[in-house]
Amino acid sequence: SGFEEEIITTTVENNPHIYIQPKEDEKYIYLYRTISAIVSDYPEVTAVSARLIGKAGAKYKDRVRGMQFIGVIPEDEDRLMDVQDDVVQGDFQDLSSRKYSAFIGTGLAEELKLDFGDDFLLARGNASAKVRVAGLIKTGTALDKTLVYVPLSLAQDLVEKGDVVSEVDIKVDDIYRAPYIVADLRNRFLYQSKSWQDMNADILKLIQTQSTISLIFYALILIIASFTIANTMIMIISRRTKEIGILMAMGANQRSIIKIFLLESLILAPPSAILGSILAFLTGRLIMSYDIQLPSEIYMVSRMNVAMKPEFFLIAVVSALFVCFVAGLYPAWKASRLDPVEAIGSA
């Protein structure tokens, strides 16, 4: 569960929740201001940012690197992506007052040997612009080697398509409401609308597969526990054959014998469940007290995370009670089928 939560959190926090993209036969959105205004009226929407994304080359002295520029209105983009939280130098809002400026990823700055305040050349086709480094951004992802934020007007000059954007991106207060908003947008616009679930279908499929594997794993644990408890109860019955025979000889019926051993089986459950929950909680806290790093290229997350929710412990306790009850059925039934004379004589 911690693995799944970490993947979803990483995916959702670093990306918009909803994307409005051009119509199928177009490359850009022209009426982005109208779309932004309409989308902002949804009560669930917390941020809207119109973006113009393109590929270009960045040149500084004799070094050239391919990069991806994102033209934005700084105030809107900061509300959408909390960009200022990733800024290591500079004020992201400076892009609104300085057209020929840029915020670049720390990885790209390192490759180009760029420092804060240096001028470099952005070139795309026949268009180019001399831009000053107004700040550095570190997201902790591969984007740091290609990302360049520029003012929207500068990006439009580089693209040379007029007052356009590539997409209108949205964030909502409840990420699981995104598909419903997208369905409504598709009915209102001809523009392509996609939720974060649509954009990350492969990741969600991986999570679904992981959940299936986890369920199989839990089922195996319950089966093993059931056999262990049943085996313990059968051993108890084999050692108490004489006592069972005496009880039956004194008038105890089969139902009474079944009740006795079912109750004994159930008595094992509460202390076992409580002890197991305490051990699980302490183990989870111990794991979380260490910053255990994982190779993100393999696990898609950078650290081990353990999710400890109250409902998990409740499920564990209920499962323990259920398993103890089911595991005690056969031994209790077997005890009730003993012949009193043979049981007393077997001791």
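## Strand β7 and its neighbours

Let's start with strand β7, which spans residues 127–137 and is mostly covered, with eight of its 11 residues buried. One thing to keep in mind as you look around: this is a predicted model.

Which strands does β7 pair with? One is β6 (residues 119–124), which runs antiparallel to β7 and is joined to it by six bridges. Here alanine 123 sits opposite serine 128 of β7. The two strands form a hairpin with two residues between them, and glycine 125 in that hairpin has a positive phi near 60°. Another partner is β5, which runs parallel to β7 and shares five bridges with it. If you want a spot to look at, find phenylalanine 103, whose bridge partner in β7 is glycine 135. Then there is β4, antiparallel to β7 over two bridges, where valine 87 has isoleucine 137 of β7 as its bridge partner.

## A cluster of rings

Phenylalanine 103 turns up again when you look at the aromatic side chains. The structure holds six aromatic pairs. In one of them, the ring centres of phenylalanine 92 and phenylalanine 103 are 5.4 Å apart and the planes meet at 75°, so this pair counts as edge-to-face. Phenylalanine 92 is in the loop between β4 (87–89) and β5 (101–105), while phenylalanine 103 is in strand β5 itself, 11 residues apart. Are these two residues buried or exposed? Phenylalanine 92 and phenylalanine 103 are both buried.

Phenylalanine 92 has another ring partner, tyrosine 149, and that pair is edge-to-face as well, with 5.2 Å centre to centre and 80° between the planes. This one reaches from the loop between β4 and β5 to strand β8 (residues 147–151), where tyrosine 149 sits, 57 residues apart. Tyrosine 149 is buried, just like phenylalanine 92. Put together, ring pairs join Phe92, Phe103 and Tyr149 into a cluster.

Tyrosine 191 has a charged companion: lysine 23 lies over the face of its ring, at 5.1 Å from the ring centre.

## The nonpolar cores

In soluble globular proteins, nonpolar side chains tend to be buried together. In this model, the largest nonpolar core has 55 residues, and the members that touch the most others are Ile20, Ile104, Phe120, Val168, Ile170 and Leu185. Strand β2 (residues 45–60) supplies the largest share of this core, with seven residues.

What does isoleucine 170 touch? Leaving aside residues up to four places away in sequence, its contacts include Ile18, Ile20, Val39, Val45, Leu80 and Leu185, along with Pro16 and His17. There is also a second, separate core of 16 residues, with Ile237, Leu262, Cys324 and Ala335 among them.

## A covered helix

Helix α6 (residues 152–159) is mostly covered too: six of its eight residues are buried. Those buried residues are Leu152, Leu154, Ala155, Gln156, Leu158 and Val159. Right after α6 comes glutamate 160, which has a positive phi near 60°.

## Salt bridges

A search of the whole structure turns up 11 salt bridges. One of them is between the side chains of aspartate 169 and arginine 51, at 3.0 Å from N to O. It links strand β9 (residues 167–172), home of aspartate 169, with strand β2, home of arginine 51, and the two residues are 118 residues apart. Both aspartate 169 and arginine 51 are buried.

Aspartate 62 and arginine 63 form another salt bridge, with their closest N and O atoms 4.0 Å apart. Aspartate 62 is exposed, at a relative accessible area of 66%, whereas arginine 63 is partly exposed at 28%.

Arginine 65 also has a salt bridge, this time with glutamate 111, and the closest N and O atoms are 3.2 Å apart. Why does this pair tie together parts that are 46 residues apart in sequence? Because arginine 65 lies in strand β3 (residues 63–72) and glutamate 111 in helix α5 (residues 106–112). Arginine 65 is partly exposed, with a relative accessible area of 31%, and glutamate 111 is partly exposed as well, at 28%. Elsewhere, salt bridges with shared partners join Arg51, Glu77, Glu167 and Asp169 into one network.

Methods:
Residues are numbered from 1 along each chain as its sequence is written. This is a predicted model: local features need pLDDT of at least 70, side-chain atom pairs count only at pLDDT 80 or more; totals for chains, interfaces and linings use all residues. Side-chain values use heavy atoms; hydrogens and water are left out. A nonpolar core is a set of buried Ala, Val, Leu, Ile, Met, Phe, Trp, Tyr and Cys residues joined through side-chain atoms within 4.5 Å. Buried means under 20% relative accessible area, exposed over 50%, partly exposed in between (1.4 Å probe, protein chains only). Helices (H or I, at least four residues) and strands (E, at least two) are DSSP runs, numbered from the N terminus. Contact means heavy atoms within 4.5 Å. Rings of Phe, Tyr and Trp (its six-membered ring) pair if their centres lie within 6.5 Å; planes under 30 degrees apart count as stacked, over 60 as edge-to-face and the rest as tilted. A charge sits over a ring if NZ of Lys or CZ of Arg is within 6 Å of the ring centre and within 35 degrees of the ring normal. Two strands pair if DSSP finds at least two bridges between them.
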